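Got your viewer open? Load the model, put it in cartoon view, and follow along one selection at a time.

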Amino acid sequence: MERIYNFSAGPAMLPLPVLEEASKGVLEIQNSGMSILEVSHRGKHYEAIHYDTIQRVLSVLSLSPEEFDVLFLGGGASLQFAMLPMNFLRAGQTADYINTGEWAVKAISEAKRFGTVNIAGTSEDRRYSYIPNELHLSPSARYVHITTNNTIEGTEWHTLPETNGVPLVADCSSDIFALERDYSRFHLFYAGAQKNAGPAGVTLVVARKEFLQQAADDVPTILSYKTHAKANSLYNTPPVFAIYVMNLVMKWIEAQGGLKTIEAHNRQKAALIYDALDAHPDVYDPTVTQKADRSLMNVTFRLKNPEWEAAFLEGAKARKMEGLKGHRSVGGFRASIYNAFPIEGCQALADYLHAFAANPTSKAS
């Protein structure tokens, strides 16, 4: 099998060793005579995987199991946009949200159904092309919400905001496990798995135990964080296969040397592409000009001349590069280079960027 360079924003590439091991598990798990797709979520074969995954997630993130709970839920980040305020925000209460792009906008829209939302900072004035430094936080806010990485706009929080004691909450869907952070700064963070943690189908929620105890009790049972924390994410049938693959991804991250090594690798990959874009300002227009705010996961750019776009994509496809077209809401191009994306693919794209820039007019004719 010949694998292409898949720059898709998600579901994204998984490490090849993970895919190989998962393919074996689809046939049989732990000499059980059953596929991982067939075993009971309350049986011994899956139970060991379930609790091992919880332990490894906390270990990789350098978090204490005495202080933090790990939940495996469904519905992606989109469900968390509603589930978070449903559990922690009521009429007459305020939550601070920092608006850095389309996914933040969706989270804000859901939170407004439950209480007052204060937009504590925004980069909407410049098409979300930067991370806002000037914040106007509410001292009595229930929490402060950020989106750590903005897949569509190509910005990323490289320094977490100071919240002056107010609980910090985050959507970490697109850069979870991608770089070293002090995750203990968060009271709760969530992430759809399909970027860096596993396949689509499971949503990871990590939260301080003491924070979860502050959640409301008048929430539908299945939408209560307390329900899932009390049952260790086994209140209902969890997404068994997706959690199994997440377990394999955690082992892969550990084998790479943990988040320190992963981050160094990701910075090296991103630099190859950003340097190539910056080398040709007459051809390429990176959408995030403030380098300190550029995403390590999603490199977004445009061509100076839109008439060159079709030729650019055609040339990329000829070099076995797919998924470079930008999000439909903003256009342009986007190279998503999550943890499993190989450095060889980043070098291949950088080489192509240089080659295309040498004579874009001829390629468009």
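How many positive and negative side chains does the protein chain have, and how far apart do the centres of the two sets lie? Colour by charge and you'll be looking at 34 positive and 39 negative side chains, with the centres of the two sets 3 Å apart. Keep in mind as you go that this is a predicted model.

**The whole chain**

Zoom out and colour by secondary structure. You should find eleven helices and 14 strands in the protein chain. The radius of gyration is 21 Å, close to the 21 Å that the globule rule gives for 365 residues, so the chain is as compact as a globular protein of that length. Line the view up with the principal axes, and the C-alpha atoms fill a box of roughly 65 × 55 × 30 Å.

Now switch on the surface. About 15600 Å² of the protein chain is accessible, and carbon and sulfur atoms hold 50% of that. As for the inside, buried residues make up 55% of the 365. If you draw the contacts with a separation of 6 or more, 67% of them join residues 24 or more positions apart.

**Stop 1: Pro 11**

Select Gly 10 and Pro 11 and show sticks. The peptide bond between this pair is cis, with omega near 0 degrees. Pro 11 sits in the loop that runs between strand 1 (5-6) and helix 1 (16-27).

**Stop 2: two positive phi angles**

Next, pick Asn 164, in the loop between strand 7 (155-156) and strand 8 (168-171). Its phi is near 55 degrees, a positive value in a residue other than glycine. Is Asn 164 buried or exposed? Its relative accessibility is 64%, so it counts as exposed, the cut-off being over 50%.

Then jump to Ser 233, in the loop between helix 6 (225-230) and helix 7 (240-256). Ser 233 isn't a glycine, yet it has a positive phi of about 65 degrees. With a relative accessibility of 1%, Ser 233 counts as buried.

**Stop 3: His 187**

Finish in strand 9 (residues 186-192), where you'll find His 187. Its relative accessible area is 19%, and buried means under 20%, so His 187 makes the cut. Which residues does His 187 touch, not counting those up to four places away in sequence? Show sticks for Pro 167 and Leu 168, then for Val 206, Ala 207, Arg 208 and Phe 211: His 187 touches these six, leaving aside residues up to four places away in sequence.

Notes: Residues numbered from 1 in each chain as written. Predicted model: local features only at pLDDT ≥ 70, side-chain atom pairs only at ≥ 80, totals over all residues. Heavy atoms only, no water. Helix = DSSP H or I, 4+ residues; strand = E, 2+ residues; numbered from the N terminus. Rg over C-alpha atoms; globule rule 2.2 N^0.38 Å. Buried < 20%, exposed > 50% of the residue type's maximum accessible area, 1.4 Å probe, protein only. Contact = heavy atoms within 4.5 Å. Areas by Shrake-Rupley, 256 points an atom, 1.4 Å probe, with all protein chains shown as cover. Lys, Arg positive; Asp, Glu negative; His and termini not counted. Charge placed at Lys NZ, Arg CZ, Asp CG, Glu CD.
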